[in-house]
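The following note is offered to a colleague who is meeting this structure for the first time. The points are numbered so that each may be checked against the model in turn.

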Amino acid sequence: MAHAAAVAKPPRPPRRRRASATPRRLPYLLIAPAALLMLGFIAYPVISVFYYSLQNYNPTKPWRNGFAGFDNFTHIFTEDPLFWDTLVFSTKWVVVEVGLQLLFGLALALIVNQTFVGRALGRALVFSPWAVSGVLTSAIWVLLYNSQTGITRYLADMGIGDYGVSWLSDTSTVFSAAVVADLWRGVPFFAILILADLQSVSKDLYEAAEVDGASRFKQFLHITLPHLKDAIILSTLLRAVWEFNNVDLLYTLTGGGPAGVTTTLPLYIANTSVDAHNFGYASALTTVAFVILLFCSMVYLRLSKFGGEK
């Protein structure tokens, strides 16, 4: 019996209970209400725009409402010269604004990335315009461009220019004036993103380059720029979309004038829907703008090789 007890089988280990599926699903269940709410706020307007783009819908002329098919789109591409004019101006606005904002934002980021006395205050001053809303930015620059109390008045006092000149009312100066106003608000966006990426660059790379005799320009060209590639691609894409859809600043500054020379495509859409109450045609214009932005974004990301090797 002692021998039998010695060779007795060891007790079986307790069975592992199968992990409950509930804990794994719990995070998804918790975020489901917010996700459904956001989906509703996003999906419903998008679907509504696509639906009304195929309709003749004007609340002030209900007898004309009804299914239009692709008539709105045909009118856009064949009979609406304002569409092409506003699209060309929107393209010009995006290229000029994004290019200048990137250039000045990169320069500011490189400056505030250096070590100097009062750097924290300098960074706060550089980034502060980004916290100002578009409408407030417009109000500030409307006051600055005022012909009686603004910049032109002080320039005239110094003998530069004439009194009573309004840069926002002159077709030869309104574009430059609007560009400067939007630069003041948009440059900090690039500076913030580029500065955040600059701080992740290893200093060892610059020290090794200095040992090899590389100049500051070559260090910037071969170390800094390649490291900033993805940040620049992403920031320019985001800013291009925002600038294309810019309505608040131009609407407050110029209202699309003078003589419609500063009317962008989104501003034309806003005027068509809000002022003319032609929501069907405005929805068709919005659909076209969406397709243009989507196509350009995909081509840009493909050509820039976003996320690839630096």
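1. The lining of the largest pocket is mixed in character: five of its residues are nonpolar, six are polar and five are charged. The model is a predicted one, and the pocket described here has a computed volume of about 620 Å³.

2. Which residues lie nearest the centre of the largest pocket? They are Asn-113, Gln-114, Tyr-206, Gln-219 and Thr-224, out of 16 residues that line this pocket. Two helices, α9 (203–211) and α10 (216–227), each provide at least two residues of the lining.

3. The second largest pocket has a volume of about 370 Å³. Its lining comprises 12 nonpolar residues and three polar ones, with no charged residue. The charged class, absent here, accounts for five residues in the lining of the largest pocket.

4. In total, 15 residues line the second largest pocket, and those nearest its centre are Val-94, Ala-240, Val-241, Leu-293 and Cys-296. Helices α4 (81–112), α11 (229–244) and α14 (279–304) each contribute at least two residues to this lining.

5. Helix α4 also packs against helix α3 (residues 71–79), at an angle of about 70° and with the two axes 6 Å apart. Because angles of 65 to 115 degrees count as roughly perpendicular, α3 is described as roughly perpendicular to α4. On the α3 side the contact is formed by Ile-76, Phe-77 and Glu-79, and on the α4 side by Pro-81, Phe-83 and Trp-84. Sorted by class, this contact holds five nonpolar residues, one charged residue and no polar residue.

6. As to the overall architecture, the protein contains 14 helices and two strands. Its radius of gyration is 29 Å, well over the 19 Å given by the globule rule for 310 residues, so the protein is more spread out than a compact globule. Taken along the principal axes, the C-alpha atoms fill a box of roughly 120 × 70 × 35 Å.

7. The loop between α12 (248–253) and α13 (265–275) deserves a separate look, and Pro-258 is found there. Is the peptide bond from Gly-257 to Pro-258 cis or trans? The bond is cis, with omega near -5°.

8. Ala-259 also has its place in the loop between α12 and α13. Although Ala-259 is not a glycine, this residue has a positive phi of about 55°. A reader inspecting the backbone of this loop may therefore wish to view Gly-257, Pro-258 and Ala-259 together.

Definitions and conventions
Residues are numbered from 1 along each chain as its sequence is written. This is a predicted model: local features need pLDDT of at least 70, side-chain atom pairs count only at pLDDT 80 or more; totals for chains, interfaces and linings use all residues. Side-chain values use heavy atoms; hydrogens and water are left out. On a 1 Å grid over the protein atoms alone, a cavity is a set of points where a 1.4 Å probe fits but cannot get out, and a pocket is an open set with protein on both sides within 12 Å along at least five of seven lines; lining residues have an atom within 4 Å of a point. Grid points are joined across faces, edges and corners, and a volume is the space filled by probe spheres set on the points. Helices (H or I, at least four residues) and strands (E, at least two) are DSSP runs, numbered from the N terminus. Ala, Val, Leu, Ile, Met, Phe, Trp, Tyr, Cys and Pro count as nonpolar, Asp, Glu, Lys and Arg as charged, and the others, Gly among them, as polar. Axes are lines fitted to C-alpha atoms, for helices over the stretch in contact, and angles run from 0 to 180 degrees between N-to-C directions. Angles under 35 degrees count as roughly parallel, over 145 as roughly antiparallel, 65 to 115 as roughly perpendicular and the rest as oblique. Contact means heavy atoms within 4.5 Å. The radius of gyration is taken over C-alpha atoms; the globule rule is 2.2 Å times the number of residues to the power 0.38.
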